[in-house]
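The following note sets out several points for a colleague to consider alongside the sequence and the coordinates. Each point may be checked in turn.

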Amino acid sequence: MANTLRAARDELALLLSGAGVSCLPYIPEKVTPPVAVIEPGSPYMVQGDTFESFTVRFNVILLAAPATNETATAALDQAVCDVIDAVDTFYVDNVEQPSSFTTGGADFLGTRIEFSVVKPIET
């Protein structure tokens, strides 16, 4: 099953990168916004409609570059639209309200977008 998860994560990262979004397919020790970070969703994996398929969930955390609130808000709104347009092979389950994310002792405006996709088991 690990290959199913990796393949789905790689596909999501490729779609985000193709849209011009700087993307990290893992939770890094340090980030430099603007960036999209892929993290496991919850539940991470559940049985699909058939015996051979699973629904896999990922969250994409979008962080805007440091800027005035007005500029960061506009940039984040645009990033959300760009990401949703680019990720056409995944379902958009939810876009959370923008809020402050703290990383490395700094606060950044960001949001979390929840995606899901149905994949067959690959080993």
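1. Ile38 is a buried residue, with a relative accessibility of 0%. Ile38 belongs to strand β2. Its C-alpha lies 5.8 Å from the C-alpha of Asn59, although Ile38 and Asn59 are 21 residues apart in sequence. The reader should bear in mind that the model is predicted.

2. Strand β2 also holds Pro43, and the peptide bond that leads from Ser42 into Pro43 is cis, with omega near -10 degrees. A further cis peptide bond runs from Pro33 to Pro34, with omega near 5 degrees. Pro34 is placed in the loop between β1 (23-24) and β2. Both bonds merit inspection by the reader in the displayed model.

3. The next point concerns the salt bridges, of which the structure holds 4. Glu39 and Arg112 form one of them through their side chains, at 2.7 Å from N to O. This pair joins distant parts of the chain, since Glu39 is in strand β2 and Arg112 is in strand β6 (residues 106-120), 73 residues apart. Glu39 is buried, at a relative accessible area of 13%, which is under the 20% limit for that class.

4. Arg112 has a further partner: its side chain meets that of Glu96 in a salt bridge of 3.5 Å, N to O. Arg112 lies in strand β6 and Glu96 in the loop between β4 (91-95) and β5, so the pair ties together parts that are 16 residues apart in sequence. Glu96 is partly exposed, with a relative accessible area of 29%. Taken together, Glu39, Glu96 and Arg112 are linked in a network of salt bridges.

5. Another salt bridge joins the side chains of Arg6 and Asp10, at 3.5 Å from N to O. Both residues lie within helix α1 (residues 2-18), 4 residues apart, which is about one turn of the helix. Residues three or four places apart in an α-helix point the same way, because there are 3.6 residues a turn. As for accessibility, Arg6 is exposed, with a relative accessible area of 57%, while Asp10 is partly exposed at 37%.

6. Helix α2 has 18 residues and spans 25 Å from its first C-alpha to its last, close to the 26 Å expected at 1.5 Å a residue. Which residues of α2 are buried? They include Ala72, Leu76, Val80, Val83 and Ala86. These residues lie on the same side of α2, because they cover an arc of only 140 degrees around the axis. On the face of α2 turned away from that buried side are the exposed residues Glu70 and Asp85.

7. Helix α2 also figures in the largest pocket, which holds about 200 Å³ of space. This pocket is lined by 15 residues, and those nearest its centre are Pro34, Val35, Leu63, Ala75 and Ala79. The elements that contribute two or more residues to its lining are β2 (35-47), β3 (53-63) and α2 (69-86). The largest share, 5 residues, comes from α2. By type, the lining of the largest pocket has 13 nonpolar residues, 2 polar and no charged. Pro34, which follows the cis bond from Pro33, is thus worth viewing together with this pocket, as one of the residues nearest its centre.

8. The second largest pocket has a volume of about 170 Å³. Its lining is made up of Ile27, Pro28, Val31, Val37, Glu39, Ile61, Leu63, Phe101, Thr102 and Thr103. At least two lining residues come from each of β2, β3 and β5 (99-103), and β5 gives the most, with 3 residues. The lining of the second largest pocket comprises 7 nonpolar residues, 2 polar and 1 charged.

9. Two residues recur across these points. Glu39 lines the second largest pocket and also takes part in the salt-bridge network with Glu96 and Arg112. Leu63 is among the residues nearest the centre of the largest pocket, and Leu63 also lines the second largest pocket.

Key: Residues numbered from 1 in each chain as written. Predicted model: local features only at pLDDT ≥ 70, side-chain atom pairs only at ≥ 80, totals over all residues. Heavy atoms only, no water. 1 Å grid on protein atoms, 1.4 Å probe; cavity = no way out; pocket = protein on both sides within 12 Å on 5 of 7 lines; lining within 4 Å. Points joined across faces, edges and corners; volume = space filled by probe spheres on them. Nonpolar A, V, L, I, M, F, W, Y, C, P; charged D, E, K, R; others polar. Buried < 20%, exposed > 50% of the residue type's maximum accessible area, 1.4 Å probe, protein only. Expected span 1.5 Å × (residues − 1). Arc of directions from axis to C-beta.
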